[in-house]
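Notebook open, structure loaded. I'll jot down what I look up as I go.

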Amino acid sequence: DDLMDLLCELEAYDITVESMEHEAERLRLVEEARVEEEMEDFFDLLVEEELEEAMEVVAEEAIESHKEDLEEEARLERERIEREEKEAAEQALREEEERLRRGREEE
């Protein structure tokens with residue numbers, strides 16, 4: 001009878017140990033999944049921050065490039081206007097010289 005009780009206790013102990021091992025494995029898997037999810041969240045956030053920084057750099061470079069293009073266009077426009085004004089002044093001077101020359105010839 002004692003032997004049967006001992007065998008029953010041993011079997012109950014084995015079942016308890018086995019169930020504790022299963023529970024420990026389940027908890028390990030749950031913890032592993034949680035850690036993995038936290039790592040993914042961390043890396044997603046890191047990638048998002050790096051992407052935002054990269055986008056800011058690209059935007060700043062695009063703005064600077066556009067600013068430089070506008071400055072170049074403005075410089076070229078000023079040069080064109082100066083050239084046209086100079087040509088107009090030279091033309092006016094030639095016309096005035098021609099008018100004076102004709103006036104002298106008529107005298």
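Is Glu23 buried, partly exposed or exposed? I looked it up in this predicted model: Glu23 comes out partly exposed, with a relative accessible area of 33%.

**Glu23 and its partner.** I then checked what Glu23 pairs with, and found a salt bridge to Arg26, with the closest N and O atoms 2.7 Å apart. The two sit three residues apart in helix H1, so about one helical turn separates them. Arg26 is partly exposed as well, at 42% relative accessible area.

**Overall shape.** Next I zoomed out. I get one helix and zero strands for the protein. Helix H1 covers residues 2-106. The C-alpha atoms fill a box of roughly 155 × 10 × 5 Å along the principal axes. I noted a radius of gyration of 45 Å, where a compact globule of 107 residues would have one near 13 Å. As a spot check along the chain, I took Glu40 and Val57, 17 residues apart, and got 25 Å between their C-alpha atoms.

**Surface.** I looked for buried residues and got 0% of the 107. The exposed area is about 10200 Å², and carbon and sulfur atoms supply 56% of that. Glu40 fits in here as partly exposed, at 42%.

**Charges.** I counted 14 positive and 46 negative side chains, with the centres of the two sets 29 Å apart. The salt bridge count comes to 13.

**More salt bridges.** I picked out Arg80 and Glu77, which meet at 2.3 Å, N to O. They are three residues apart in helix H1, which means a separation of about one helical turn. Arg80 is partly exposed at 29%, and Glu77 is partly exposed at 35%.

Arg102 and Glu98 were my next stop: a salt bridge with the closest N and O atoms 3.2 Å apart. Here the spacing in helix H1 is four residues, about one turn. Arg102 has 45% relative accessibility and counts as partly exposed; Glu98, at 28%, is partly exposed too. I also followed the links outward and found Glu98, Arg101, Arg102 and Glu105 joined in a network of salt bridges.

**Aromatics.** Last lookup: how many aromatic pairs does a search of the whole structure find? I got one. It is Phe42 with Phe43, edge-to-face, 5.5 Å centre to centre with 65 degrees between the planes. Phe43 counts as partly exposed, at 42% relative accessibility.

How values were computed
Residues are numbered from 1 along each chain as its sequence is written. This is a predicted model: local features need pLDDT of at least 70, side-chain atom pairs count only at pLDDT 80 or more; totals for chains, interfaces and linings use all residues. Side-chain values use heavy atoms; hydrogens and water are left out. The radius of gyration is taken over C-alpha atoms; the globule rule is 2.2 Å times the number of residues to the power 0.38. Buried means under 20% relative accessible area, exposed over 50%, partly exposed in between (1.4 Å probe, protein chains only). Accessible areas come from the Shrake-Rupley method with a 1.4 Å probe; for residues, only the protein chains shown count as cover. Lys and Arg count as positive and Asp and Glu as negative; His and the chain ends are not counted. The place of a charge is taken as NZ of Lys, CZ of Arg, CG of Asp or CD of Glu. Rings of Phe, Tyr and Trp (its six-membered ring) pair if their centres lie within 6.5 Å; planes under 30 degrees apart count as stacked, over 60 as edge-to-face and the rest as tilted. A salt bridge is a side-chain nitrogen of Lys or Arg within 4 Å of a carboxyl oxygen of Asp or Glu.
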